Every structure is written in structure tokens, then in C-alpha cells.
Amino acid sequence: MAERVIPLVDERSRVLRPAVPATASPATGELFDTRARPLRDLRISVTDRCNFRCGYCMPKEVFDKHHRYLPHSDLLSFEEITRLARLFMAHGVHKIRLTGGEPLLRKDLEKLVAQLAELRTTEGRLPDLTLTTNGSLLARKARALKDAGLQRVTVSLDSLDDAIFRRMNDVDFPVAEVLAGIEAAQAVGLKHIKVNMVVKRGTNDHEIPRMARHFRGSGVTLRFIEFMDVGATNGWRMDQVLPSAEVVARLQSELPLVPLSPNAVGETAQRWGWAGADGRHDPALGEIGVISSVTRAFCGDCNRARLSMEGRLYLCLFATQGWDLRSLLRGDASDAQISAAIAAIWQGRSDRYSELRASLPPDQGEQRGRRIEMSYIGG
Ligand code: SAM
Ligand code: SF4
Ligand code: SF4
């Protein structure tokens, strides 16, 4: 059945000009928003291009040959990204995730990884440096990324069935190449490898047990993500969302799982461990995660900021406007001024879209059409 596709209104132009406070105290590593949430996690989108056309993210009907991508001169350079990352880290960021579009399409990405790996947290530690990729180029790039200082990787994979996978990426890309990318990542020693599966009821939900069995005991953590109403073009409908509770129940009926406590405050996934014969979590079998972005809001702990490839700062995945930090970078602003502007933006943050979703009208009216696309600010 053909899905409803909403035409893309180019909302990248909806931009907020950051003010540079006249006086500001230096960064202390502890910056809080209006809901007392600290800034800890920076997701940096390095390109708006992708070689896949996943229907839930960049549907082919919208992202077709007429779609205008950003010219290279609009993208932040690696030096600009690193300068901003350093300022964010002084405010308390300790985790940096590179994303996109498809981040591995950005030429020489390993050079950016090497620059970011030179930075240190306020406690003098290495940043937790990771990448989310569709895996298509990972077999080729894993070694260079690891050597440059990448620590972890998350690979998106929605099915092990080649026909379903080719249909979901909508560019006929074979699943075997993504699996080879995951193996390459393991072989070069990238740690804590995760696989993200977006579950769409009626499309790939029957693949849940097979995916779980495939990765159980492999050292890779599989995470099931609820299909989200992010962006304005993916024709999202609630009846295509399979609640995480149902994912866990389906798995539990075949193989025992036990709940695990969170690794860190603000963690997006709820963890479940595979149980051994004694009914307790068996670390050798590993764990799964469920990300209930729709059915269980986790805005209360949300410590994530998102930086677009052209230097706009978004405070929520469902934001409609971003703060133009590039104008400061390419103007004459000093580090202290940019740092103060970032502080003022975060201190004014009150976003909590997922908590409010249930109280919004079904199509979320105006708001939905103005939302920024996932392929623009990453996951
Ligand atoms: N291209 C890379 C990839 O696919 O991993 C990185 C960017 S992609 C936008 C980041 C993550 O967002 C992926 O794991 C993808 O599956 C997820 N994603 C995209 N659209 C989504 C949606 N509508 N609901 C839930 N997750 C989505
Ligand atoms: Fe590309 Fe990732 Fe979006 Fe799929 S989810 S279209 S791979 S950016
Ligand atoms: Fe964070 Fe926005 Fe998602 Fe809530 S809806 S968890 S504030 S990104």
C-alpha cells in the first residue's frame, strides 16, 4: 500500500541568531537548562547526503534528484567542528557522536576523528567518541577510523532478510555488505558495537526474533527503536509503531530476558540482559536495548545537543529552529564569546517534545510541517 508522503518544505532556513552576552563567566563544566538538565552529549551531523533512502528518514519520493543538498562551502570545516566541540566540552560534554546523513560519505572523516580525539573533558579524560552509520562503507573505513581514535560504532540495520533490507534502504543495497562492515568493526577492535533496528509494524517486526538470535552472544548489542514521528516527510502513523514493551514480550516468549539497570543518567535505551540457565543475566550472551521514543518519554534526563553540518545548534530532535553558531565562527567572535553564547542558549532550553506528544493534536498541526529532518540533525 502506498504511504502518504508529505512534501518537504525546506526548513533549514528557519534560523535563530545567537546573542553574545556582554559579560559572561568562563565555562565550568556544569551547565544546566531550565529543567536542571546538564549538557553532556553532542551529536554532530557532518553531511546532509546519504546513499540510502530509508522510507522512515529520507523517502525517495521527497529526496529525489531535485532535492538540493547544501554546497560544500556551507558545511562546517573539520577545524570549525573541532573548535566548537572543544567549547562544548568545556561546558561538560563528554560524549561526541558523529552522524548525518551518512557520516562515512564525508571525505576524510578519519581526519576529523583524529582532531576530536585530541580533545579532553573537563576531568582530563578522552571524549567518548562514537559514530552512527548505515554500515555501507564501514568494511572499507573501520581500520582508519579506529587508528584515528574512534572508540565505538553504532550500525543501523533493520533486517537480516536481504529482500526486506533492500526494500527498506530503497536503493537495493545488500545486507551482506553491512554485516561485513560490522565484522570489520569487531576485527579492528572497536568496542561496544551496537546495532540499531528501527521497528515498523507490518514491515520488519517479524524479523525481531531472528535479529535477536543473530546478535545474542556475538558481543554486539542490538537495540530496537520505535519508529518516530521525527521530521515532516516520513508519513508517520501511530499504528506503525510497535511499542518496546511488545518487543520485549515477543522476545521473552522465546528466550528469557532480565531487566538491567541503566549504565548512565540520560541513557536513551532501557537495557535487558539475556538470561543463562540459572535465570540470571549471562554477560557472555550479552544484552539488548529498547528505545521507546514514542511510548515512554525520556525528556526528563535529556542531556543531548545536536549540531547540524552547517553549524546550527538544535536543542531537541523535534525542534523547528536551530541556533546559527556558524555566523559566530565565521564572524569575529572569540572563543569566550562563542562559549558564552552556547551557555546562554542551553540555559534557556525547555524542550520536552516526547513528554508533550500525547497532549498534541493527532497531526500536530503546523508544528509537524516545520520540524527538522532526521537526516539533517542525525539520530
Ligand atoms: N545514516 C546513519 C545511519 O543510518 O545510521 C546516521 C544517521 S541516521 C538519521 C541515525 C539513526 O536514526 C539511524 O539509526 C536511523 O535508523 C534512525 N532513524 C532515522 N529515522 C528514524 C525514525 N523515523 N524513527 C526512528 N529512528 C530513525
Ligand atoms: Fe540514510 Fe541513515 Fe536516514 Fe537511512 S536512516 S536514509 S541510512 S541517514
Ligand atoms: Fe530530548 Fe527532545 Fe527527545 Fe525529549 S523529545 S528526549 S527533549 S530530544
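**A walk from ligand 1 to helix 4**

Let's start at ligand 1, where a nitrogen atom sits 3.2 Å from an N or O atom in the side chain of Glu-102. Keep in mind as you look around that this is a predicted model. Ligand 1 has other polar partners too: one of its oxygen atoms is 2.6 Å from an N or O atom in the Ser-156 side chain, and a nitrogen atom of the ligand is 3.3 Å from an N or O atom in the side chain of Asn-234. How much of ligand 1 does the protein bury? On its own the ligand exposes 540 Å², and the protein buries 95% of that.

So much for the ligand itself; now for what surrounds it. Strand 4 (128–133), strand 6 (191–199) and strand 7 (221–226) are the elements that each give two or more residues to the shell around ligand 1. That shell holds 20 residues, and the ones that come nearest are Tyr-56, Gly-101, Thr-132, Ser-156 and Met-228. Sorted by class, 10 of the shell residues are polar, 8 are nonpolar and 2 are charged.

Ligand 2 is the next stop. Around it you'll find Cys-50, Phe-52, Cys-54, Tyr-56, Cys-57, Met-58, Gly-101 and Asn-134. Tyr-56 and Gly-101 may ring a bell, since they are also among the residues that come nearest to ligand 1. The shell around ligand 2 has 6 nonpolar and 2 polar residues, with no charged ones.

Strand 6, which gives residues to the shell of ligand 1, also leads us to helix 4. Which residues of helix 4, spanning 162–169, are buried? They are Ile-164, Phe-165, Met-168 and Asn-169. Looking down the axis of helix 4, you'd see these buried residues fall within an arc of 125°, so they line one face of the helix. The spacing makes sense, because an α-helix has 3.6 residues a turn and residues three or four places apart point the same way. The buried residues of helix 4 pack against helix 5 (175–187) and strand 6.

The ends of helix 4 are worth a look as well. At the N-terminal end, Asp-161 acts as a cap, with a side-chain oxygen 2.9 Å from the backbone nitrogen of Ala-163. After the helix comes Asp-170, which has a positive phi, near 60°.

Our last stop is a loop. Ser-308 lies between strand 11 (304–307) and strand 12 (312–314). Is Ser-308 buried or exposed? Ser-308 has a relative accessible area of 1%, so it counts as buried. Setting aside neighbours within four places in sequence, Ser-308 is in contact with Ser-45, Leu-76, Tyr-314, Tyr-376 and Ile-377.

Note on methods
Residues numbered from 1 in each chain as written. Chains lettered and ligands numbered in written order. Predicted model: local features only at pLDDT ≥ 70, side-chain atom pairs only at ≥ 80, totals over all residues. Heavy atoms only, no water. Near = heavy atom within 4 Å. Polar contact = N/O pair within 3.5 Å; in protein donor to acceptor, adjacent residues only side chain to side chain. Areas by Shrake-Rupley, 256 points an atom, 1.4 Å probe, with all protein chains shown as cover. Helix = DSSP H or I, 4+ residues; strand = E, 2+ residues; numbered from the N terminus. Nonpolar A, V, L, I, M, F, W, Y, C, P; charged D, E, K, R; others polar. Buried < 20%, exposed > 50% of the residue type's maximum accessible area, 1.4 Å probe, protein only. Contact = heavy atoms within 4.5 Å. Arc of directions from axis to C-beta.
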